[in-house]
Amino acid sequence: MSKTPNELGSVHHNPPLEVIVHSELDAHHAAASELSNRFPNNDGSATIAVYFGHDGVELRKASKPNQRGYKVDFLSIDSRTGAGNLSRKQPLPKAIGQSTTSVLDVTAGFCADAFRLSMMGYQVTAIERSPVIATLVEDGLRRAKENEAFWSAFGLNFTFMRGDILSGLTPEPCDAVYLDPMFPPKRKKSALPPGPIQHIQSLVGFDIPNETAALFEKAFEVATKRVVVKRPTYAQQYHQKPAHVYEGKLVRYEVYLKPTH
Ligand SMILES: C[S@@+](CC[C@H](N)C(=O)[O-])C[C@H]1O[C@@H](n2cnc3c(N)ncnc32)[C@H](O)[C@@H]1O
């Protein structure tokens, strides 16, 4: 049986948050009060602000609450096909598989990968356990769905769920399970990761090896055909003997196949 993150001794970040609401939307008020209760800024030490505004929910610096921050914007995803971002010849879709229909992303983050797969025509369910990240994703989805032309142009089949497959969430089986755990920190000092990943790091911390091993085990139970793991090129192979490996510039995708009977 898989262990839950707490049994594995993981330390979940619970950073205090400053929650700022400048929006009339009921959904924003409900989400803001949930976050304020979960991540109270009792001693005023919050460094991150979650800003609920008319244009959406943003992560901002608590010290500069009036400065624009980061929000999830699915409408701005590069939608070039051919040899572009949505080409199925990219390493990620190659790893997911040409004959795969349904994909479950169990470490969704801001859903950049999950949504891109959905725009490529896969049927995607994405799961994220950080309530702050999930709040930004849900707001991004609300705005994307408001743009009916965009949603129907791609015939999107995308479902987002809050939760954790290691703590009671039991999704429907699917062809491929995609795992993109937090990368282990680099030993040497190096360039900072791209903006969204820096935000995720500040909210949830780094890879916890025992936990990612449990996630892999669970992913293998849920997948009917394959598990795909994204790894930084500097990190060790995730598990023994992937069936295929697809290399990108900074990351690689390892494919583990389920045995066929
Ligand atoms: C590296 S990020 C994923 C980035 C994502 N692929 C994207 O394109 O935005 C890893 C995410 O997995 C989430 N996570 C880690 N373990 C999880 C679990 N057991 N269940 C759900 N989410 C998990 C973290 O909160 C974090 O947001």
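This report describes a predicted model of a protein chain with a ligand, moving from confidence to the ligand shell and then to two local features.

## Confidence in the model

Across the protein chain the pLDDT averages 88, and 89% of the residues score at least 70. Residues 1-11, however, have a pLDDT below 50, although this stretch has 18 contacts in the model beyond near neighbours in sequence. Where pLDDT is low, the predicted coordinates should not be read in detail.

## Around the ligand

The ligand is surrounded by 22 residues, of which the closest are Thr107, Gly109, Ala112, Asp113 and Arg129. By character, the shell around the ligand comprises 14 nonpolar, three polar and five charged residues. At least two residues of this shell come from each of α3 (112-119), β5 (123-128) and α6 (195-204).

## Helix α6

Besides supplying residues to the shell around the ligand, α6 has buried residues, namely His199, Ile200 and Leu203. Viewed down the axis of α6, these buried residues fall within an arc of 100 degrees, so they line one face of the helix. The partners against which the buried residues of α6 pack are β3 (56-61) and α4 (131-146). After α6 comes Gly205, which has a positive phi, near 85 degrees.

## The loop before α3

Cys111 sits in the loop between β4 (102-105) and α3, and its phi is positive, near 70 degrees, in a residue other than glycine. Cys111 counts as buried because it has 24 C-beta neighbours inside 10 Å, where 20 or more are needed.

Terms used. Residues numbered from 1 in each chain as written. Predicted model: local features only at pLDDT ≥ 70, side-chain atom pairs only at ≥ 80, totals over all residues. Near = placed C-beta within 6 Å. Helix = DSSP H or I, 4+ residues; strand = E, 2+ residues; numbered from the N terminus. Nonpolar A, V, L, I, M, F, W, Y, C, P; charged D, E, K, R; others polar. Buried ≥ 20, exposed ≤ 12 C-beta atoms within 10 Å, placed from the backbone. Arc of directions from axis to C-beta. Contact = placed C-beta atoms within 7 Å. pLDDT = per-residue confidence, 0-100.
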